[in-house]
Each structure stands twice: as C-alpha cells, then as structure tokens.
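The exercises below ask for a careful reading of a predicted model. Each task is followed by a solution that goes step by step.

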Amino acid sequence: MRYTLITTGLFSFSWQIMNIKQVVIIAVIVTSVIACKPKQPEPSGAAPPLPAVTTVNPVAPREFRASWVAAVLNLDWPSADSLEIKDHQQRAVVQQREFIRILDEAQQHRLNALIVQVKPNADALYRSTLLPWSPQLTGVQGKDPGYDPLQFIIEEAHKRNIDIHAWINPYRVSMDLLPATLAALSATAPGGPPSVYVSHPQWIRTANHRLVLDPGIPEARQWIVRIVSEIISHYDVDGIHLDDYFYYESPTSPLDDDSTYRQYGGEFSNKADWRRNNTYLLMKMLANDIRARRPEVRFGVSPAGVWRNKSADPHGSDTQAGIPNYDKAYADTRRWVKEGLVDYIVPQVYWSFDQRAAAYDAVAGWWAQTVRGTPVQLYIGNALYKVGEASPAEPAWRAGNGVSELMNQLRFNQHTPGISGTVLFRHTSLREAQIQPAMAALSTERWPTPALIPPMPGSSRSTAQPPVALTLTQAPGETLLGWQTADTAQETAYYALYQVNQSWPLMPESRLLGTQRNQGGRGAWTVHTAPLTGTARYIITAVDRHHRESSALFFPK
C-alpha cells in the first residue's frame, strides 16, 4: 500500500483557541479529501510498511516565553563578582559558566528565548568597530575580555534551541555624570574604537543626570542604525530588541534640545510632535534595514505599559498612568503597531490586577485589542521581581507569596486572543527565595510542557525540509529516536518531536517532547519512558527560522 501525504498547511490553529467545532469541521473536510482519492494498489510480496507521514500535523503549544537578561550595572550578567577576577582567562571562564547557568535555568523553566542586553550604554558586549568593549565585562571600558561574549551566548543558546534577541539601549551613553565616568569615556583603548563621547561630542546631551545622545540629530539616529546593522551582519541573532529609553528625562534634569529643534524642527509647530517624529524615524529606519538585510530577524520593542490614558486620548486605555509612552518618552507605540514597524511589542505591564491606576487586565487587554488586525505579535512583560514583595498599592504581590497574582497574569496572557507570549523581568529574580513558590507553580500549572515560538502572522508555507532515514531503537526504560538531516539549503532551523495518539480522522492528541537545533548530519533524541502501546506514536517536524513547521513524519513503530 502506498501512502500519500495530504498537505495540511491549511490547518494551522492556535492551541489556545482550538475548539471541538473546529476539529469536527477539519475532520469532515479532510475525510472528504480522502474519499475523493483513488485507492492505490498494494504491492505484492512484503508486508505493507507503516505510514511514513501524518495526515494532520500535531497542534503544538505556541507561546513566546522569555526573560530579560540585563547587563547594565551587572544586574543579571556578567556578575559584579566576576569583575574582581584579575586573570582574564579565569574571568572569561567564570562569566561563561554564569551564562550557562542562565541557559540551564531557561531550559528548566521551559523558556524558548532570552532577551540579552548587548549594548547597555554606548558600549558593547560583542566585538565592534563602532563601540568600545563594555566595562560590565572587565570593569574597564575598552578592555578586551578575552572572548566574544555575544558569539559565546549565541552558540550555547542555539545548542539548546533557545533564541537570542540582542537587546540594545539606543541613546544612553552613561549611567551618571561622575568625574571618573567622564574620564573613562574620554580614554580610548589601543586598537579599539573611541567612545561616541570622544568621536561625536556634538551629539552628546545630559538628561536624567546621565549622558545621552540627542535623538533629534539625524546623524545620531543613523549611527544607531549602523550599530544594529553591524550586529545582524556579524552575529546569528534571532532578534533585535529595543527598550523604552528614547527621550528619558526628569524634572530636575531635562534634555536641552532647543538648539536641535531650531535646526531640524522647522515643519513642526511644537517640540513634542517633532520629538515623536524623531523616534518614529529611528524605528522606521531600523525596521527597513533589518528586513532588507535579514528578514528572518525579528524586530521588537518593550515600551512602558501605557501608551496614553483615555482621559488624554479616546484611543487610550482606561488608566491613570503617570508616564505614558506617547507623552513622556515621545514614543507613539500605537502608531508603530498599526503601521507594522515592529514584528513584536512587549509592553512592560508591571502592575497587579488590583492596581487602581493601571490594572493588569486593563493594560494588557488594551494592547490585545490594539494589535488586532496588524502583523505585530504581542508579548506581555511581567514583573517577576515584584513577586512576594510587600506593596501597599498592590497587596496582591505579597498575598500567598504572589503565586496567585503571577499565575493569574500568565493565565490571562494565555487565554486572551491577541497575546502570544510572556517575558519575565528580570532573569536572576527567578533565583530569589520568595519567588520559588511562584516558579514552581509556573512550571507545573502554566508551562508544564515546552512550547514553540509562534510564527509571524501572515507567514507563508514553511521552507524547512523534513528529515530522512528515521529510526526508532528500544532499550530498557528508554527509546532512541534518530534521523538524518536532508536540508541542503539550510532552511531548517530545528526539529520538533512529539508523542501523538494516532486517532485519525480527528486532530491527533499530541504532546511536544522538545526541540533540537539542526546542526547537520545525524540527529538523535532519547525518550526516557516505556515503549509506546496502542495507537501512540512518535513524530517529527522540521521548523524554519520563521518558526513555521513542515509536514510531520512518523517514526517507525
């Protein structure tokens, strides 16, 4: 008997909204297709082989799960303790071990991405011709750490099939105005690039008691684009991520850009609109450059949670936030979404459900409505650092160690149409003692199994090539699955492995076992369980860099 693959790209649904009615409709449609297919004659001789392909792909959990890894002030990585190590080789080894621990924790809690800060100020955690080495690596700006941190991060993360989004702070130059900081910025390491403080002093301003670039200067914006171009041209990152530091000032230290406004703001009747346009131009330039150079790289941003309050704009959220994006950071994030400038947006919704000024569901729900009908994916930034902490304005963070609050927030994310993931701020918070009950609940209640990153809305058919030469070998207490990569065009990023209950013609009951990065050659996966019985089977799909799956193949039984 010959077995014919029935293309199933048509049947792609979110696991969160799939219902029985849809399953029955699919079954009727596909059964009709089978009924119209002429029966092929069976070959004589040998017994018929087992089916090689599935007729309907498994429905995998699709959810972006990540944490932010902050480098500034050595908050998450590298540690401040590592800077005390004088031997550069030993220091590099310690920092690499520290990041391996972060990756191990990401795997333990079933994260599928990390957003890693690689440009905390006007310095780099990677080898750059535009930026000096970051002092967060050695304690000294411009000093070579003895290894390439970003390259190490990417290689180790991809071994575990964890995506890496390179997080940059666009305009910040320093964290303070201390004489020692200014002296460090003025020094240039032999053979290294100088700080922008030295190379382009005409771009430098002060705001919030820090040095920043003036966003109104066109050349300064273009310089940021060059930095991102350098990253995506030399490193296999999966995403570029900007934080919310666009115009970041304070009442006691405002940004003095009056002269810049006089020079470049002629067509604008007020400075606020001109500032918003400057931020818009940066985002548009970055989007165009990234999509032209490497369209598979996702471009994202994480603004503060509220765009505008409804009291200021009828399109705004039902909130009374004090620092809305539009009015304080001069970032019209809603416009960016509506125009599709970004591939994803991660509003920092760091409030509880009982926060009266900006309730969690009011803010996250507003964003879910805002992305509807756009090509932009919405992930919510959640305040892991608040779990278990006392807060008079938000007592839910303290009640029951904050477990219920965090679980309710993640449940809201998973069950609200339009929300496609969660990003936790920040990574090392998950190590805090008071957060352990919440992390245990997260692993058992909300993220009990792995998940695939959602493909971008409107994505075309997967370009990944299914593997060949599938094998299944039984051993005491375990099953070894093997396959051979067949992707000569290198379109396959990784493979997804499932255990399914072959209950055709309905959608198979499936469980995602895990994923494995495509590294060429032979692949293998060990399942530590007794042999499957009945209609249970193992299957595999190939997934491309856009996270689109190929048709699925059965392993032999």
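**Exercise 1.** Determine how helix α7 and helix α9 are arranged with respect to each other, and state which residues make their contact.

*Solution.* Begin with the geometry: helix α7, residues 218-234, packs with helix α9, residues 271-293, at an angle of about 25 degrees, and their axes are 10 Å apart. Angles under 35 degrees count as roughly parallel, and α7 and α9 are therefore roughly parallel to each other. The crossing of the two helices, α7 and α9, is right-handed. On the α7 side, the contact is made by Arg221, Gln222, Ile224, Val225, Val228, Ser229, Ile232 and Ser233, while α9 contributes Asn278, Leu281, Leu282, Met285, Leu286, Asp289, Ile290 and Arg293. Sorted by class, the residues in this contact of α7 with α9 comprise 9 nonpolar, 4 polar and 3 charged.

**Exercise 2.** Work out the strand order of the open sheet of 3 strands, and identify the strands that stand at its edges.

*Solution.* The order is β11-β12-β15, and the pairing is antiparallel. Since β11 (468-475) and β15 (522-527) each have a single partner strand, they stand at the edges, so one side of each is left without a neighbour in the sheet. From one strand to the next, the twist averages 15 degrees. Strand β12, residues 478-484, pairs with β15 in the antiparallel sense over 6 bridges, and Thr479 stands opposite Val527 in β15.

**Exercise 3.** Over which residues does pLDDT stay under 50?

*Solution.* The protein chain averages a pLDDT of 89, with 88% of the residues scoring at least 70, but pLDDT stays under 50 over residues 1-51. Where pLDDT is low, the predicted coordinates should not be read in detail.

Definitions and conventions. Residues numbered from 1 in each chain as written. Predicted model: local features only at pLDDT ≥ 70, side-chain atom pairs only at ≥ 80, totals over all residues. Heavy atoms only, no water. pLDDT = per-residue confidence, 0-100. Contact = heavy atoms within 4.5 Å. Axes fitted to C-alpha atoms, helices over the stretch in contact; angles between N-to-C directions. Helix = DSSP H or I, 4+ residues; strand = E, 2+ residues; numbered from the N terminus. Parallel < 35°, antiparallel > 145°, perpendicular 65-115°, else oblique. Left-handed = near helix turned anticlockwise from the far one by under 90°. Nonpolar A, V, L, I, M, F, W, Y, C, P; charged D, E, K, R; others polar. Pairing = 2+ DSSP bridges.
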